[in-house]
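Thanks for passing this one along. Here are my notes, in the order I would go through them with the structure open beside you.

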Amino acid sequence: MDWTLAWVFATFALYIGIAVWARAGSTNDFYVAGHGVHPVVNGMATAADWMSAASFLSMAGLIAGLGYGGSVYLMGWTGGYVLLALLLAPFLREFGKFTVPDFVGDRYYSDAARVVAVICALFVSFTYIAGQMSGVGLAFSRFLGVDFNTGIFVGMGIVFVYAVLGGMKGVTYTQVAQYCVLIFAYTVPAIFISLMLTGNPVPQLGFISDIKGEGVSMLQKLNETVTGLGFAEYTSTNKTMFDIFCITAALMFGTAGLPHVIVRFFTVPRAADARLSAGWALVFIALLYTVAPAVGSFARLNVISSVNETTYVPAAAYGDEAAAITERGDTPSPAWFANWEKTGLVGFDDINGDGRMQIRGPAAPDGLANEVTINNDIYVLANPEIARLPDWVIGLVVAGGLAAALSTAAGLLMVISSAISHDLCRRTFFKGMSDTTELRIARVAAAGAVVAAGFMGIYSAKLAFVAQVVAFAFGLAAASLFPVIFLGIFWKRMNREGAIAAMLTGLVPTFAYIWHFKLGAGKASTASDWFLGVSPEGIGFVFMFVALVIGIIVSLMTKAPPQDIQDLVEDIRVPGTRSPHGVADAGMLPVD
């Protein structure tokens, strides 16, 4: 506990110190860090912004729990970032608008389109940030001895300080520090556990190496273990190939529509720097994403090995009872299970009354029912405890998980505050507003968003795992924002009527589908009840195509955009024809 507190307090002090040092003094600093961030620094900050609690805490946990079925998150998010970096980011940077609604409003010459884009951005951002705050509560509830809700409130306070005070300038340099913390926290335990299980210090290679002293590969051992307990093979999945494709694609195209990632490409001086920082970010992201499958498989094997067929010991009297069980020659349930049981995220139900903990799948050969429940989101945090690594490693992992959640939460708060202060207030309703007033409104909006995000995080924990909640945000972004950004860049005939129709067509049915099957009357349904067999995590991809088609049809049936807008679309696809900060070389007005 002492090591955990030390790591957490030291990193929080670092983040707050950076926020004070990088305090925003203008709207330019608050929104885009003055356009002065170096591409390598921006790449690292983008990686931290990108690798949220879903990447750090939940992705490996879903891979651990679901096996191959969990890999859709890994494939979708990795492919999505490549799609964003190559297809959209440089052109948006060339356009010169630092928010998605600002791009939509100017590209589609319509305040109405801007307002609809703000609504879409807020839906996406609040859904996404709810998952981050849930991850914060998860980490705090176990390691700081506070309940889940209190943990979220503590996280809210930290984000409030450096997001509201420093704006994008403070967030950028804080995220650099958070990336260093989270990547160190993720890889160090993985190296230790890979050495313990396979003798290979490189987790990516340990994942496909032989188990130490057994002459059988890691994955083969895991397959044999889980099938022997009645589960499907770890390297297989019960999802249909079409659903896997839809989830992966929704995550990919949703990435390209995520406002908090897109805005990072406006913090660099030029469009060429946007491409360069995107490449660096991919390098930094790969350092964690290539380790995730190894972390998930190591955790699944360690959990089964340490828990299955042990004698249950209640958390309240663990020390004395565990010692007594050991003395009579039996194996007590592990201390890590007792520690996590206090949080309610693991549990034991002695169905057969023998006092022993049986982990079983639906096809268990001995006919026993499963008695052990483990929340997938705890695998990464619990893994060092399960492997009995030193306390300083356990504390480091907690600090890394918090860094991942808080870095993304801060980026999302910047999107929310800028959508309200810049896109709604200054660009739509109060166009004569001064910079000072706009900055004040941005900070108030960020503060309000922090509070709202905390309460949404409390609620989202009841909805799904962190990565699944985040996947809903990606689906909403894919269906509502990607079509208008993509067509706005690559089809000059796309007009405001088509843009509004596309955004509403994507947002409304996608949100309704997710609500129905996760919160509404359909929450007890099975895959056979889903539309085309597509899960709520993947439905955004289906409605994305519907939105694209509707946008094109409506645009063709209505008046073409003004000629200057069509010329602008041609202009942004030619690098270097617009000035570094979004002022066109051919007489265009400067951006706000």
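1. **Cysteines.** Please keep in mind throughout that this is a predicted model. There are zero disulfides in the structure. Two cysteines are worth a look for their surroundings: Cys425 is buried, because its relative accessible area of 13% falls under the 20% cut-off. Cys180, by contrast, has a relative accessibility of 42% and so counts as partly exposed, in between the 20% and 50% limits.

2. **The main core.** The largest nonpolar core has 167 residues, and those that touch the most other members are Trp50, Phe56, Trp336 and Ile485. Helix α8, spanning residues 148–198, is the top contributor to this core with 16 residues. A second core, separate from that one, has five residues, including Val313, Ala322, Ile325 and Ala338.

3. **Trp50 up close.** Which residues does Trp50 touch, if those up to four places away in sequence are not counted? Aromatic partners first: Trp77, Tyr81, Tyr128, Tyr289 and Phe474 are among them. The list also holds Leu258, Val261 and Ile285, together with Ser55, Thr255 and Thr408.

4. **Helix α21.** Ile485, named above for its contacts in the core, sits in a helix that is mostly covered: α21 covers residues 482–490, and seven of its nine residues are buried. Those buried positions are Phe482, Pro483, Val484, Ile485, Leu487, Gly488 and Ile489.

5. **Thr248 and its distant partner.** Thr248 belongs to helix α11, residues 241–255. Is Thr248 buried or exposed? Its relative accessible area is 12%, under the 20% cut-off, so Thr248 is buried. Leaving out neighbours within four places in sequence, Thr248 is in contact with Val72, Met75 and Gly76. The pairing with Gly76 spans 172 residues in sequence, yet the two C-alpha atoms are 4.2 Å apart.

6. **The largest pocket.** If you are thinking about volumes, the largest pocket comes to about 700 Å³. It is lined by 31 residues, of which Gly65, Leu66, Thr237, Asn238 and Lys239 are the closest to its centre. Two elements give two or more residues to this lining, α4 (53–66) and α22 (496–518). Helix α4 provides the largest share, three residues.

7. **Character of the pocket lining.** How many residues of each class line the largest pocket? The lining holds 14 nonpolar, 11 polar and six charged residues.

How values were computed: Residues numbered from 1 in each chain as written. Predicted model: local features only at pLDDT ≥ 70, side-chain atom pairs only at ≥ 80, totals over all residues. Heavy atoms only, no water. 1 Å grid on protein atoms, 1.4 Å probe; cavity = no way out; pocket = protein on both sides within 12 Å on 5 of 7 lines; lining within 4 Å. Points joined across faces, edges and corners; volume = space filled by probe spheres on them. Helix = DSSP H or I, 4+ residues; strand = E, 2+ residues; numbered from the N terminus. Nonpolar A, V, L, I, M, F, W, Y, C, P; charged D, E, K, R; others polar. Core = buried A, V, L, I, M, F, W, Y, C linked by side-chain atoms within 4.5 Å. Buried < 20%, exposed > 50% of the residue type's maximum accessible area, 1.4 Å probe, protein only. Contact = heavy atoms within 4.5 Å. Disulfide = S-S within 2.5 Å.
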